[in-house]
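Okay, hi everyone, thanks for coming. I'd like to take a few minutes to walk you through some contacts in a protein, so have a look at the screen.

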Amino acid sequence: MRVLIVGVGTRGDVAPYTGLGARLREAGHRVAIAAHEPHAELVAGAGLEHRPIPGDPLPLLFPGAGVSLAARARMFARYAAQVTDGIVEAAEQGADILLLGVAASAGYHVAEAMGVPSMGVHLQPVEPTGDFPPVTSALGRSFGRWGNRAAGRLAFAVPSPVHAGSARALRARLGLPPMSSRAVYRRRESTRWRVFHGYSPLVLPRPADWREGLEVRGYWWPERQPGWAPDDVLADFVGSGPPPVFVGFGSQVAARAEEFTDRAVRALRRAGLRGVLQTGVPGLLGDDVLGVGDVPHDWLFPRMAAVAHHCGSGTTGAGLRAGVPAVGLPAVNDQPLWAARLAALGVAPDAVPFRRLSAERLAAALHAAVTEVSYRRRAAALATRIRAEDGAAAVISAVRDDIART
């Protein structure tokens, strides 16, 4: 059957779907991933079809100083329209089932119009719960159990770019009867619309107040490109001395790569550590620091003494799978949640919020992560249990069941 996975966002929002897609392909399905154009090579490298979605999320996540709220609202509106158009066009190329990431909720209406099933494949826990505040909340603090659930419901009931496509205009375009965002949410709840979450219950347990149909079964590991091997510079650097430390900030430093690379280099040298940096400045930065581009985390992270990163869901999982200590450097959305979980699990010191990042704070956190034996011991024990999970199996089974019912 034709399976269309819709992954909207940055590279980290798409990479896990390459692993899920590969497993679905192995189960006998034809799999396409709809994603932004910069991710075409990532998808194709996994042997999957890429269907382009226009737009660029980075200016929305990190708009820079001087961008007014009104200007940001216009940017969000344009982006939401581009994403919605892209999802419609990708589905029109053919699909028997749609698997939808968090920001791809327009696909729910598209699937209804096509008469095909759909389900959520979320990398973040956006469903309302009392356990923690909405991961899309800018405040990043708990409102208490009742307040957390109420805020979570509000995120679904009020149209927003995060849940693009729930407006009446899309349903009218698709020939569907009008329905408010609140009504869509209520229908999803009453029909027990299924959502699978691509992370481990060992890392973030399934909330007890979630309804039936919201599943947490394990990570979906990105597919490594066939034949990939490290270049000689990287292989020689990693093997030429004590295990280095990885430092990466994700997509959030694209416009200020040199500044944050310098900050990371100073932190490493202050802590007396070798480092592999994924900060946007490639090449040898001295005898003790190497800047790299895209390197498979499943190859790189097990060779590190510790991994310091922005705590995107996928990078967090890759670090835990490697069994090495971590340092959380969270900035936005779900990143503070994953950073807090790393510390609670005992595999990382307290996080260094990105807005407070300095060479001194980063150096202190890296030193603690590398020298405190308990972090490595707990990380290794947790990694063994995470590797034993199969997060893709439940999705494959659900796809088979949904298609059989149509």
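I'll talk about helix pairs, then salt bridges, and finish on one leucine. Keep in mind that this is a predicted model.

Let's begin with helices. Two packed helices are described by the angle between their axes and the distance between those axes. So find helix α10, residues 257-271, and helix α14, residues 359-371. Their axes come within 8 Å and cross at roughly 45°. That makes α10 and α14 oblique to each other, and the crossing of α10 past α14 is right-handed. Who makes the contact? On the α10 side you've got Arg263, Ala264, Arg266, Ala267, Leu268, Arg270 and Ala271, and on the α14 side Ala359, Glu360, Leu362, Ala363 and Leu366. Sort the residues of that α10 and α14 contact by class and you get 8 nonpolar, 4 charged and no polar ones.

Now a second pair. Helix α4, residues 69-92, and helix α5 have axes that come within 10 Å and cross at roughly 35°. The α4 and α5 crossing is right-handed. Here Thr84, Ile87, Val88 and Ala91 of α4 meet Ala106, Gly107, Val110 and Met114 of α5. By class, the contact of α4 with α5 has 6 nonpolar and 2 polar residues, with no charged ones.

Okay, on to charges. Side chains of opposite charge can pair when their charged atoms come close. How many salt bridges does the structure hold? There are 19 salt bridges, and I'll pick out a few.

Remember Arg263 from the α10 side of that contact? Its side chain meets the side chain of Glu259 in a salt bridge, at 2.8 Å from N to O. Both Arg263 and Glu259 lie in helix α10, 4 residues apart, which is about one turn of the helix. Are the partners buried or exposed? Arg263 has 18% relative accessibility, so it counts as buried, while Glu259, at 34%, is partly exposed.

Next, Arg171 and Glu112 form a salt bridge, with their closest N and O atoms 3.0 Å apart. Arg171 is in helix α7, residues 168-173, and Glu112 is in helix α5, residues 106-114, so this pair ties together parts 59 residues apart in sequence. Arg171 is at 0% relative accessibility, so it's buried. Glu112 has a relative accessible area of 30%, so that one is partly exposed.

Now one between loops: Asp294 and Arg11, with a salt bridge of 3.6 Å, N to O. Asp294 sits in the loop between β11 and α11, Arg11 sits in the loop between β1 and α1, and these distant parts of the chain are 283 residues apart. Asp294 counts as exposed, because its relative accessibility is 55%. Arg11 is partly exposed, at 35%.

Salt bridges can also link up into a network here, as Asp131, Arg145, Arg149 and Asp209 do.

Last stop: Leu20, which is in helix α1. Leu20 counts as buried, because its relative accessibility is 0%. So what is Leu20 in contact with, leaving aside its neighbours within four places in sequence? The answer is Val121, Trp220, Ala392 and Val395. Take Trp220: in sequence, Leu20 and Trp220 are 200 residues apart, but in space they're 5.6 Å apart, C-alpha to C-alpha.

That's my tour, thanks for listening!

Terms used: Residues are numbered from 1 along each chain as its sequence is written. This is a predicted model: local features need pLDDT of at least 70, side-chain atom pairs count only at pLDDT 80 or more; totals for chains, interfaces and linings use all residues. Side-chain values use heavy atoms; hydrogens and water are left out. Axes are lines fitted to C-alpha atoms, for helices over the stretch in contact, and angles run from 0 to 180 degrees between N-to-C directions. Helices (H or I, at least four residues) and strands (E, at least two) are DSSP runs, numbered from the N terminus. Angles under 35 degrees count as roughly parallel, over 145 as roughly antiparallel, 65 to 115 as roughly perpendicular and the rest as oblique. A crossing is left-handed if the near helix is turned anticlockwise from the far one by less than a right angle, and right-handed if clockwise. Contact means heavy atoms within 4.5 Å. Ala, Val, Leu, Ile, Met, Phe, Trp, Tyr, Cys and Pro count as nonpolar, Asp, Glu, Lys and Arg as charged, and the others, Gly among them, as polar. A salt bridge is a side-chain nitrogen of Lys or Arg within 4 Å of a carboxyl oxygen of Asp or Glu. Buried means under 20% relative accessible area, exposed over 50%, partly exposed in between (1.4 Å probe, protein chains only).
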